[in-house]
Amino acid sequence: MQHSASSIFFQTPELRVRLSTFLTKKSIARLAKTCHRLRNSFVPLLWRDLELTVDKKVETSLQELVNLGRRAKFVSSLVISRGYLIMYINGLRDDADPTAFLIGRPPWLPVPDSEYCLPAKFYPMNRLTRLECSLNGEPLDLYVARVAGVEIQYPPQGLAQLCWLIQLNPGLTHVSLRSVYFRSSLEVRSLARAINSLDHLSRLRIDSIPSRDNWRHVYWTMFLCCSPSLESLVIEVGGVPKGFVPQLTPGPEDLDVMLGPLRLYSDTEPRPNLRHLVLPMSTKADMSLYFHILRLCPRLQRLDLELLGCREEDIRAIGPWIQQHCPEISTVRIRQGQRLHIEDVVLELLAGLNTSWSTLQTIHYEKFVEGVPRSMVNMVYQHHRTLRDVRLTDARTVYSSGIRALLTICAGLERLEIVNDEGPTGRADIEDLVAQPWVCHGLRVLQMRVIWGDFEDRCPYYLQDPNTGLSPKDYARWVLLEKFYFQVGSMTKLEVLGLKAYLEVNIEDIPDYELYNGIEDDMRDKASFPQLLTLGNEAADRVGYLNYLCRLKNLRELRGSVHLVSEEIEETFRQREVEWVARHWPRLKVIELIQYQAAKPKRIKGNIHLNWLMKHLPGIDIRRPPTGYAMTGCKDSFQDHYDDYL
């Protein structure tokens with residue numbers, strides 16, 4: 001009976017796939033060696049996801065490529081870089097004649113000499129559903145070819161090989177192409193023909209189009225060649241290689257007859273399935289094209305604006321078209337190549353979106369600089385019923401009034417990130433934060449910089465004489481801090497808490513003999529929130545506020561000004577505190593206590609309480625992120641913002 005049940009289990013594809021999600025590739029390989037039945041069941045899963053990139057060890061990737069053989073039919077998801085793509089396409093051979101290239105090889109694809117081919121026979125991958133390809137990195141391609149012992153044509157373009165790979169896989173639904181530089185109109189139309197063959201295409205990303213001057217030809221062609229099933233279209237404008245001169249004027253040398261007809265879909269038929277669209281906006285952009293595209297996207301839910309030297313007039317011009325033709329937009333992401341100081345105009349556009357019924361839930365803005373103090377507040381009041389996720393990265397200026405509005409009137413807010421490691425102005429004043437109670441009780445992620453002021457008594461609190469009374473100013477400051485700690489502790493759904501204390505440094509108050517270059521940065525780095533990470537000392541009549549955070553049972557990451565660089569935290573965060581952390585925050589995975597190290601430490605020499613913490617919370621990471629990284633530990637929080645779509 002058990003044998004019959006196991007047979008049914010392993011013969012059910014859905015169950016096998018589900019099981020494989022809990023196993024590593026090494027575990028699947030060991031399982032496949034158990035018997036013939038499991039081998040037949042799990043070998044396809046072993047080759048289902050194939051990655052051939054320069055990020056992996058070259059010898060490992062080359063061995064996987066050589067061993068591919070007839071297993072190519074099992075691959076459904078492929079991540080490949082240009083060097084491996086060229087070697088794979090060059091090695092596709094005919095079954096009838098192993099010395100000849102595949103019969104179906106298109107006539108426009110160059111046939112390489114034998115010195116450009118690996119000594120292995122490859123079979124076409126024709127069951128791909130996901131493809132991610134990068135055509136960048138000539139030096140790395142040459143290195144890969146040298147390790148493989150083959151020659152490589154220079155410069156190695158790879159676009160023709162990529163087009164054929166796409167045409168071999170009509171079942172592709174997700175395509176992500178990076179560093180695609182079109183050098184002629186033939187290449188534009190060649191890729192358009194390949195994409196046009198994908199009737200089930202759902203998500204397409206192309207990075208990048210040739211230049212700001214000629215983006216219209218590429219964008220419009222790619223938009224019209226995509227199947228009506230398309231749900232996400234991301235065309236990013238990236239850097240153009242030095243010396244690159246695009247030639248987009250069609251000519252007789254383009255050999256369009258050999259390539260076949262380029263079928264474009266109607267430019268008047270709506271795209272009801274399109275949910276996500278990226279609009280690269282520059283000073284030379286033809287806004288009339290965007291107006292026409294927006295008319296064709298009535299069900300658009302997410303809009304990304306790539307601002308590349310954009311003008312205020314362009315933002316004001318496109319706003320009414322978005323409001324009129326895209327009533328379902330819930331997510332807006334804005335990226336700037338440089339600070340354009342048009343944020344107030346963008347916020348005005350956001351405030352005007354869907355004024356009759358608000359649907360805006362998510363706002364991501366990179367290189368944010370708020371000019372007019374009320375611009376953020378006006379936008380928040382317009383969409384306070386629906387806002388769920390607000391992220392401002394590299395935020396040079398954010399006024400406290402806007403942050404207070406987000407926390408005090410957006411009851412559904414789940415994520416608030418205001419990240420800036422450079423300037424002092426992207427912060428919230430503690431007086432504004434505690435002026436009203438926070439209503440966002442479903443908040444899961446909170447990251448921001450807070451300026452709480454300073455005490456008149458320069459002596460740290462844990463060293464002060466408890467019999468000495470506080471000055472009225474210091475007493476008022478402690479009242480504000482206590483209210484702030486209570487507000488944070490009342491957010492019981494918090495999973496990520498990253499608070500950075502900002503310290504106003506007055507050089508004139510520092511004695512000359514203590515001054516040195518970088519003293520301001522060092523002092524701000526040592527800033528902390530007084531008594532937040534300590535339980536206090538009742539015997540010495542010293543208060544602690546760690547118990548205010550006891551309701552954060554779901555906390556997974558504690559970041560920001562909690563590191564041991566602060567003398568106060570180093571002296572007060574001891575054994576009692578780490579035991580409290582292990583007892584009240586059992587899900588904690590990250591707490592930024594020590595300086596960054598390349599490897600996660602297993603033990604800290606001479607630090608008994610941190611060793612105790614790592615022992616009782618296995619897998620916890622107590623390192624701060626490297627210098628220059630945001631509080632999330634990621635250089636650019638936008639770098640993976642397409643993961644939900646690709």
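This report looks at a β-α-β unit, a threonine beside it and a nonpolar core.

The model is predicted, so local features need pLDDT of at least 70 and side-chain atom pairs count only at pLDDT 80 or more, while totals for chains, interfaces and linings use all residues. Residues are numbered from 1 along each chain as its sequence is written, and side-chain values use heavy atoms, without hydrogens or water.

Let's start with strand β1; helices (H or I, at least four residues) and strands (E, at least two) are DSSP runs, numbered from the N terminus. β1 pairs with strand β2 (residues 77-81) in the parallel sense over four bridges, where pairing requires that DSSP finds at least two bridges. From β1 the chain crosses through α5 to β2 in a right-handed β-α-β crossover, that is, clockwise from the first strand over the helix to the second with the strands pointing away from the viewer.

The side chains of β1 alternate between two faces. Buried means under 20% relative accessible area, exposed over 50%, and partly exposed in between (1.4 Å probe, protein chains only).

| β1 residues | Face | Buried |
|---|---|---|
| Leu50, Leu52 | one face | yes |
| Asp49, Glu51 | the other face | no |

Threonine 53 sits in the loop between β1 (49-52) and α5 (58-68), and is buried at a relative accessible area of 8%. Contact means heavy atoms within 4.5 Å; beyond four places in sequence, threonine 53 touches Ser61, Val79, Ile80, Ser81 and Tyr84.

Finally, the largest nonpolar core (buried Ala, Val, Leu, Ile, Met, Phe, Trp, Tyr and Cys joined through side-chain atoms within 4.5 Å) has 162 residues, and Leu279 is among those touching the most other members. Helix α10 (residues 215-225) gives the most to this core, with seven residues.
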